[in-house]
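Dear colleague,

I am passing on the structure we spoke about, and below it you will find my notes on what was found. Please read them with the structure open beside you.

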Amino acid sequence: MKSKQEKNKTLFIEILVLGLLLLSLAAAQENPFNLEVQIADTHKNIQAGGELWFTTKIMNLAGQQRMDITLNYNILDSQKNILASKSETLAIETQASFVGNIKIPENAPEGNYELDVQIVVNNKEEAEGKDSFEIIKKDSKTSGQIIIILLIIGGLILLTFIILVLKKIIGKLKIKLRIHEIVKKRMKN
Amino acid sequence: MSSLLIITPVEKLQKKINKIVSSMQNCTGIYVSLNKTQKSIEETLKKNKIKTEKIFFIDCVTSEKQKEEVLHISPRDLEKLSYAISSFIKEIKGEKFLIIDALSTLLIYNDENKVAAFVKEIADYASENNARVIAFSPSTKGEELLNKIFNFFDKVEKEEDEIKTRKKQDLIY
């Protein structure tokens with residue numbers, strides 16, 4: 001036989017669990033989605049014109065049935081101005097995790113930016129996730145280096161061509177002079 | 001000046017060369033030697049009592065400089081050879097002749113069409129500059145080439161191989 005104190009303790013735990021359950025249900029009713037956005041460390045610094053790659057993890061806390069959601073991706077500068085945006089619709093049941101990307105405009109200035117992702121259901125924002133990254137100076141070295149390499153190769157080809165032509169001309173001149181001397185010498189005799 | 005292509009059996013080649021060079025002893029000549037060394041040719045000519053004082057040799061057989069007055073050019077370098085021939089033609093005043101001994105040898109080192117182009121260039125240059133060209137070729141070699149180049153010469157002398165001729169005659173009888 002359980003004592004009265006033990007019975008009260010069990011009742012208290014049951015009420016607490018029920019309360020927590022009701023609370024989470026209420027929270028889920030209010031905010032049914034959990035959204036996580038993450039930009040990998042290797043993609044935190046990106047050049048203008050590049051592709052920003054990230055992972056998005058969505059959890060549908062309330063619904064058990066499949067539903068369509070819209071994801072709005074925005075790249076915001078420090079003044080919350082939208083630099084680039086993208087939108088897509090997908091069906092979700094309980095959870096989804098996927099890799100996405102968004103193109104950074106070619107003329108994007110350097111600086112710190114934020115990738116802001118929103119879940120919209122029936123024109124109502126249901127959840128939001130963010131991560132930050134930096135747009136760095138476009139590496140002009142690469143194209144510069146290519147130009148230099150091409151110039152060097154071109155220069156070498158031209159130099160080889162000039163050397164070959166000169167060699168030919170010099171060879172011919174030598175022959176001409178030699179023949180001139182041979183004929184002159186023989187004619188004297 | 002006329003140009004002449006002599007196609008003759010190998011065994012008669014030297015005899016024919018001697019005859020031609022001997023007939024032109026009064027003129028200055030250029031001898032392009034593709035078969036034998038300059039030394040060997042000079043010796044053969046001298047043995048046959050042919051003066052070689054007026055002959056300039058281009059030796060395409062040996063690459064080593066043996067005599068100051070002899071030009072050594074590789075038979076592979078047709079451009080250089082053509083330039084040397086034209087330079088000699090230009091330098092020598094008055095009547096002159098050019099002997100090419102033997103054209104078919106060039107086929108060992110060069111493409112047939114290149115040799116044909118070389119022959120045309122030389123024949124044209126010689127004709128423009130008062131030089132007589134006499135080119136020799138053994139009748140057994142380079143028939144395709146000979147068919148391509150005989151048009152570049154004013155005259156073509158072809159001597160049939162005795163053995164072949166005899167065989168033909170045997171067949172007739």
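Chain A has a secondary structure of 2 helices and 8 strands, where helices (H or I, at least four residues) and strands (E, at least two) are DSSP runs numbered from the N terminus. From the N terminus on, its elements follow the pattern α-β-β-β-β-β-β-β-β-α.

Before going further, please note that this is a predicted model, in which local features need pLDDT of at least 70 and side-chain atom pairs count only at pLDDT 80 or more, while totals for chains, interfaces and linings use all residues. Residues are numbered from 1 along each chain as its sequence is written, and chains are lettered from A and ligands numbered from 1 in the order in which they are written.

Of the 189 residues of chain A, 13% count as buried; a residue is buried if 20 or more other C-beta atoms lie within 10 Å of its own, exposed if 12 or fewer, and partly exposed in between, with C-beta atoms placed from the backbone. Taking the contacts in chain A with a separation of 6 or more, 67% are between residues 24 or more positions apart, a contact being two residues whose C-beta atoms, placed from the backbone, lie within 7 Å.

Chain B comes to 7 helices and 7 strands, and along the sequence these run β-α-β-α-β-β-α-β-α-α-β-α-β-α. Buried residues make up 37% of its 173 residues, and residues 24 or more positions apart account for 81% of the contacts in chain B with a separation of 6 or more.

The strands of chain B form an open sheet of 7 strands in the order β4-β3-β2-β5-β6-β1-β7, with parallel pairing; two strands pair if DSSP finds at least two bridges between them. Its edge strands, each pairing on one side only, are β4 (71-72) and β7 (155-158) of chain B. Within chain B, strand β2 (residues 28-33) pairs with strand β3 (residues 55-59) in the parallel sense over 5 bridges, and S33(B) stands opposite D59(B) in β3(B).

As to the interior, the largest nonpolar core has 49 residues, and V32(B), I85(B), L98(B), I99(B) and V119(B) are those with the most contacts inside it; such a core is a set of buried Ala, Val, Leu, Ile, Met, Phe, Trp, Tyr and Cys residues joined through C-beta atoms within 7 Å. Helix α5 (residues 112-128) of chain B gives the most to this core, with 7 residues. A second, separate core of 18 residues includes V37(A), L52(A), I58(A) and V117(A).

Helix α5(B) deserves a closer look. Buried in this helix are V115(B), A116(B), F118(B), V119(B), I122(B), A123(B) and A126(B). Seen down the axis of α5(B), the buried residues fall within an arc of 160°, so they line one face of the helix, the arc being that of the directions from the helix axis to the C-beta atoms. On the other side of α5(B), N113(B) and E128(B) are exposed. The cover over the buried residues of α5(B) includes, among other elements of chain B, β1 (3-8), α3 (78-91) and β5 (96-101).

Finally, where the chains meet, 11 residues of chain A are in contact with 10 residues of chain B.

With best wishes
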